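Student: I have a structure to read for class and I keep tripping over the vocabulary. Could we go through how each label gets earned?

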Amino acid sequence: MSGFGVFADGGLAWREDGGAVDLRGLGDVFAQQTLNALMASGPAAWREAIAAARSHDGPRTTDPDLRLPFAVADYVDFYASLEHASNLGRMFRPDQEPLLPNWRHLPVGYHGRAGTVAVSGTRVVRPRGQVRAGEFGPSQRLDVELELGFVVGVPASEPVSTADFADHVFGVVLVNDWSARDIQAFEYVPLGPFLGKSFLTSVSAWVTPLALLEDRRVEAPEQDPPPLPHLAGGRDWALDLDLSIELNGEVVSRGNARTLYWTMPQMLAHATSNGAAIRTGDLMATGTISGPAEGSEGSLIELYGNTRFLADGDEVVLRADRLGEVRGRVQAAE
Ligand code: CA
């Protein structure tokens, strides 16, 4: 497990053997408050930075205090897991086909709130909202969503093909898209998620460069129908990473990121296919990752069939191979 992070008081860190190496001695790019300058520098510089970090004999910390590793530009959240979309479709629209007609034709997504993306360990204050018509109060259905996120390094002002994914994307984080299901269920029609999601999104303190995930790349499951030409390709970017959800010390879900229907290169190609520019620090998350096996669901609403949600004091730890953890404890509404 290796990756870049940022110390709470500034300066880049390199994860090594569970601890952190202080990279500030390596120069200006490594003395910053965020990874953004490094991320903007492109694949050749990323390779040099990884080599330099690995051989750097800087000060070491075993339990470092870390901050949000990059300044988040825009935040997009997709809905790329076939099993998650089907599970939620069955719950929210029991009389209809679980998948909406567009789902297999493009990676469905929405723009989230960049300003409330926070580092692992940030406290999770139970949000208030309209939990049903005529009632404003603390959410009673607070949930987690286990997701991967990819972070843009090199900007683009034209569509990014699936083949060019690794020229623009710096690395991958683990994401917990905290979700208030009652607020979400009442507000989402017709424009999609809003306050049920925007109160907090937690990410791992470490960003794992794509280059360090090469050995985990596998072929994604077959798509039916085949995607249009601008979304074709990038199918060799499924990631074989074991995932888990731990609730108050007990592992309640075990899955794998390779089950996602849409891959990260397809998500980026879709997000830019209309000419929308991307910037350094853009975070794009996959959506909840649920697998076909029972017990591999990436949210509590799926795991417990809409019967169990988070109580005040509950602690959730999401874990992924290579990417580390995302931790958060629920606090009472303020
Ligand atoms: Ca989500």
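Student: How do you know how many salt bridges there are between domain 1 and domain 2?
Tutor: A salt bridge needs a side-chain nitrogen of Lys or Arg within 4 Å of a carboxyl oxygen of Asp or Glu. In this predicted model, the count between domain 1 and domain 2 is zero.

Student: What about polar contacts between domain 1 and domain 2?
Tutor: There the cut-off is a pair of N or O atoms within 3.5 Å, and two residue pairs are counted. On the domain 1 side, β1, β2, β3, α1 and α2 each supply at least two of the residues that touch domain 2.

Student: What is the area buried between domain 1 and domain 2 made of?
Tutor: About 1400 Å² is buried there, and carbon and sulfur atoms give 74% of that. In domain 1, R15, M39 and W46 lose the most area to domain 2, together 41% of what that side buries.

Student: Where do the two domains run along the chain?
Tutor: Domain 1 covers 2-61 and domain 2 covers 74-331. Taken over C-alpha atoms, their centres are 27 Å apart. The contact takes 19 residues from domain 1 and 21 from domain 2.

Student: Why is T288 called buried?
Tutor: Buried means under 20% relative accessible area. T288 has 1%, so the label fits. You'll find T288 in the loop between β21 and α8.

Student: What makes the T288 and E145 pair a polar contact?
Tutor: The limit is 3.5 Å, and the side chains of T288 and E145 are joined at 3.3 Å. Leaving aside neighbours within four places in sequence, T288 also has contacts that include S81, H84 and E302.

Student: H84 sits in a helix, right? Which residues of α3 are buried?
Tutor: In α3, they are E83, H84, A85, S86, N87, L88 and G89. What covers the buried residues of α3 includes α5 and α8.

Student: Which residues are the protein donors of the calcium ion, and how do you know?
Tutor: For calcium, a donor must be an N, O or S atom within 3.2 Å. D77, E145, E147 and D177 provide donors at 2.2 to 2.3 Å, so they pass. Along the chain, the donors follow the spacing D-x67-E-x1-E-x29-D.

Student: Why say that E147 and D177 tie parts together?
Tutor: E147 lies in strand β12 and D177 in the loop between β13 and β14, so the pair links parts that are 30 residues apart in sequence. E147 and D177 are both buried, too.

Notes
Residues are numbered from 1 along each chain as its sequence is written. This is a predicted model: local features need pLDDT of at least 70, side-chain atom pairs count only at pLDDT 80 or more; totals for chains, interfaces and linings use all residues. Side-chain values use heavy atoms; hydrogens and water are left out. Buried means under 20% relative accessible area, exposed over 50%, partly exposed in between (1.4 Å probe, protein chains only). Helices (H or I, at least four residues) and strands (E, at least two) are DSSP runs, numbered from the N terminus. Contact means heavy atoms within 4.5 Å. A polar contact is a pair of N or O atoms within 3.5 Å; within protein, one must be able to donate a hydrogen and the other to accept it, and residues adjacent in sequence count only if both atoms are side-chain atoms. Donors are N, O and S atoms within 2.8 Å of the metal (3.2 Å for Na, K and Ca); water is not among the atoms, so sites may look incomplete. Domain bounds come from an automatic or database domain assignment. Buried area is the accessible area (1.4 Å probe) that two parts lose on being put together, summed over both.
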